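Please open the model in your viewer and keep the selection panel at hand. The stops below say what to select next and what is to be found there.

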Amino acid sequence: MNPWYTDYSEYLARFYGTTKVQKLSVNTNSGCPNRDGTIGTGGCIYCNNASFTPGYCLNGGDVKQQLENGKRFFGRKYDEMKYLAYFQSYTNTHGHPVEELRKIYETAMRVDDVVGLIIGTRPDCIDDGLAELLANLSIEMPIFVELGVETLCDDTLKLINRGHDSQTSRDTISRLAKAGLHVGVHLIAGLPGEDKDRFLQTVEEICRLPVESIKMHHLQVLNGTPLAGMIEKGEIAVASFNVDEYLEICIEAIKRIPRCIAIERFLASAPPDMVISPKWGLKNYQFTNRLHNLLKELDKNGKTDEPE
């Protein structure tokens with residue numbers, strides 16, 4: 001057991017015990033309502049979707065083929081693995097009628113050794129019909145919904161061209177939890193106009209909502225994004241945390257997140273050639289090791305407190 005917070009492996013153990021479970025990303029070419037004109041164009045100013053789409057999702061193929069490709073990729077590393085079909089790229093509940101989504105999700109659920117679904121989407125792309133569909137599917141296996149909340153500051157949401165307000169996030173989280181679904185949220189530290197304190201305020205507000213997991217990372221300025229161009233032209237400024245500053249933010253977040261909410265990750269991992277700043281040169285496990293070592297030192301000095 002992690003001595004400072006509930007990590008994602010502990011969270012998954014609530015559902016799967018000691019079974020090794022691996023995410024397999026699936027790309028359904030769903031697009032984004034903030035790019036195709038449904039609610040806006042251009043997308044969120046920081047987003048380059050290619051930065052987090054695995055290679056085995058880019059070779060074409062339907063849902064079943066992508067999952068089988070992923071199983072072969074990870075099957076070389078581990079025996080007796082089970083899998084979560086992770087609908088990750090873009091907004092997976094956008095651009096598909098509910099009945100089409102039913103077929104997509106049921107196809108994934110029938111693949112051998114798939115034991116759950118993770119649906120990555122936006123808070124403004126879940127209606128009552130979809131929530132009902134996911135609730136019905138969850139009778140067969142766990143359904144995790146991962147919402148791109150990013151921040152609960154409305155001024156920031158406007159600035160980053162997010163396309164929805166903070167109340168939409170609150171309402172969707174409550175609707176999904178009421179339907180019996182497992183809700184996780186994605187948060188970004190260092191968005192334009194936000195400092196450490198504003199990010200931690202969002203963390204505190206999120207922890208008062210019925211969420212089960214948090215995935216957080218620092219803002220990365222990526223090639224090919226509107227944000228990169230805006231910074232170059234001097235139109236916008238962002239807080240560029242160094243490693244020590246971001247470690248401090250993570251520690252303060254841990255103090256605020258209760259054990260009933262898991263922390264899935266702390267660091268973004270875009271391909272290095274896409275990253276303009278910050279360039280820390282750390283992999284996720286290296287950063288997490290530094291964080292844990294720092295927490296150990298703080299424990300020795302009596303400076304860490306477990307949240308209630």
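Begin by selecting Asp154, which counts as partly exposed because its relative accessibility is 34%; here buried means under 20% relative accessible area, exposed over 50%, and partly exposed in between (1.4 Å probe, protein chains only). Asp154 is part of helix H5, residues 154-159, where helices (H or I, at least four residues) and strands (E, at least two) are DSSP runs numbered from the N terminus. This is a predicted model, in which local features need pLDDT of at least 70 and side-chain atom pairs count only at pLDDT 80 or more, while totals for chains, interfaces and linings use all residues. Residues are numbered from 1 along each chain as its sequence is written, and side-chain values use heavy atoms, with hydrogens and water left out.

Now add Asp155, Asp165 and Asp171 to the selection, since together with Asp154 they form a negative surface patch. Such patches are made of residues with over 30% relative accessible area and no salt bridge, like charges being joined within 9 Å and nonpolar side chains (Val, Leu, Ile, Met, Phe, Trp, Tyr) within 5 Å. Accessible areas come from the Shrake-Rupley method with a 1.4 Å probe, and for residues only the protein chains shown count as cover. Lys and Arg count as positive and Asp and Glu as negative, with His and the chain ends not counted; the place of a charge is taken as NZ of Lys, CZ of Arg, CG of Asp or CD of Glu.

Move next to strand S1, residues 21-26, which is largely enclosed by the rest of the structure because six of its six residues are buried. Val21, Lys23 and Ser25 point one way from S1, whereas Gln22, Leu24 and Val26 point the other way. Then show strand S2, residues 82-87, which runs parallel to S1 and is joined to it by six bridges; two strands pair if DSSP finds at least two bridges between them. Within this pairing, Leu24 stands opposite Ala85 of S2.

The next selections concern salt bridges, of which the structure holds 18, each being a side-chain nitrogen of Lys or Arg within 4 Å of a carboxyl oxygen of Asp or Glu. Side chains of opposite charge can pair when their charged atoms come close.

Select Glu146 and Lys215, which form a salt bridge whose closest N and O atoms are 3.0 Å apart. Glu146 lies in strand S4 (residues 143-150) and Lys215 in strand S6 (residues 213-218), so the pair ties together parts that are 69 residues apart in sequence. Glu146 is buried at 13% relative accessibility, and Lys215 is buried at 5%. Adding Lys23 and Glu264 shows a network of salt bridges that links them with Glu146 and Lys215.

Turn then to Glu205 and Arg170, whose side chains meet in a salt bridge of 2.9 Å, N to O. Because Glu205 lies in helix H7 (residues 196-207) and Arg170 in helix H6 (residues 166-178), the pair ties together parts that are 35 residues apart in sequence. Glu205 counts as buried at 13% relative accessibility, whereas Arg170 is partly exposed at 23%.

While helix H6 is on screen, pick Ser166, which is located in that helix and is buried at 4% relative accessibility. The C-alpha atoms of Ser166 and Ala179, 13 residues apart along the chain, are separated by 20 Å.

Finish at Arg102 and Glu99, whose side chains meet in a salt bridge of 3.3 Å, N to O.
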